[in-house]
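Student: Could you take me through one part of this protein closely, the nonpolar core? I would like to see how it fits into the whole.

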Amino acid sequence: MRTPAAFLAAGLTTLTLAALAAAPALSAADAWIRATPGTDVAAAYLTLTNSGALPVTVIGVRSSVAGMAMIHETHLVGTQSSMRPREELTLAPKETVRFAPGGLHVMLHMLTHALKPGEDVTLVLLLKGGDTLDVVAHVRPLGQE
Ligand SMILES: [Cu+2]
């Protein structure tokens, strides 16, 4: 027969593992922004990695330099390139997703000022469950992409 103490210990171990698994495990690398002179929009690129044991879902993006920010995906329709919003982006455990020109990007709309090469811009990724991830993106000069 199990003693109450052993039962309690087993329960605590389960709780601890659950708490560890629930910790946000998303990280970002190589974040940069392509500034487009003369417009009030810009595209940001980065590489996201989920190092955890559970899926992580990005449900939105914010930036203090943009009135509105969202994840976009570029599609080729015939020979025409078009982009559309991506509502959610889920990374499976151990998955890496690369945002790159011609594919996924963070679209920054209604910029508060013209982004200058060398400037650092903070992007805040909003995750399902309420966590956020701050990512600093470096504005690259045109031609150095
Ligand atoms: Cu876009």
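Tutor: Happily! Of the 145 residues of the protein, 20% count as buried, and please keep in mind that this is a predicted model. The protein has one helix and 10 strands, with the helix coming before the strands as you read from the N terminus. Of the contacts between residues at least 6 apart in sequence, 67% join residues at least 24 apart.

Now to the core itself. The largest nonpolar core holds 26 residues, and those with the most contacts inside it are Ala44, Leu46, Val106, Leu123 and Ala137. Two or more residues each come from strand 1 (26-35), strand 2 (42-50), strand 3 (56-63), strand 4 (66-77), strand 8 (104-111), strand 9 (120-127) and strand 10 (132-140). Strand 2 gives the largest share, five residues. As a general background, nonpolar side chains in soluble globular proteins tend to be buried together.

Leu123 is a good place to zoom in. Setting aside residues up to four places away in sequence, Leu123 touches Ala31, Ala44, Val61, Ser63, Val106, Val135 and Ala137.

For another view, try Met83, which lies in strand 5 (residues 80-85). Met83 counts as partly exposed because 14 other C-beta atoms lie within 10 Å, while a buried residue needs 20 or more. Beyond its neighbours within four places in sequence, Met83 is in contact with His72, Glu73 and Thr74. Met83 and Leu104 are 21 residues apart in sequence, and their C-alpha atoms are 9.1 Å apart in space.

Note on methods. Residues numbered from 1 in each chain as written. Predicted model: local features only at pLDDT ≥ 70, side-chain atom pairs only at ≥ 80, totals over all residues. Helix = DSSP H or I, 4+ residues; strand = E, 2+ residues; numbered from the N terminus. Buried ≥ 20, exposed ≤ 12 C-beta atoms within 10 Å, placed from the backbone. Contact = placed C-beta atoms within 7 Å. Core = buried A, V, L, I, M, F, W, Y, C linked by C-beta atoms within 7 Å.
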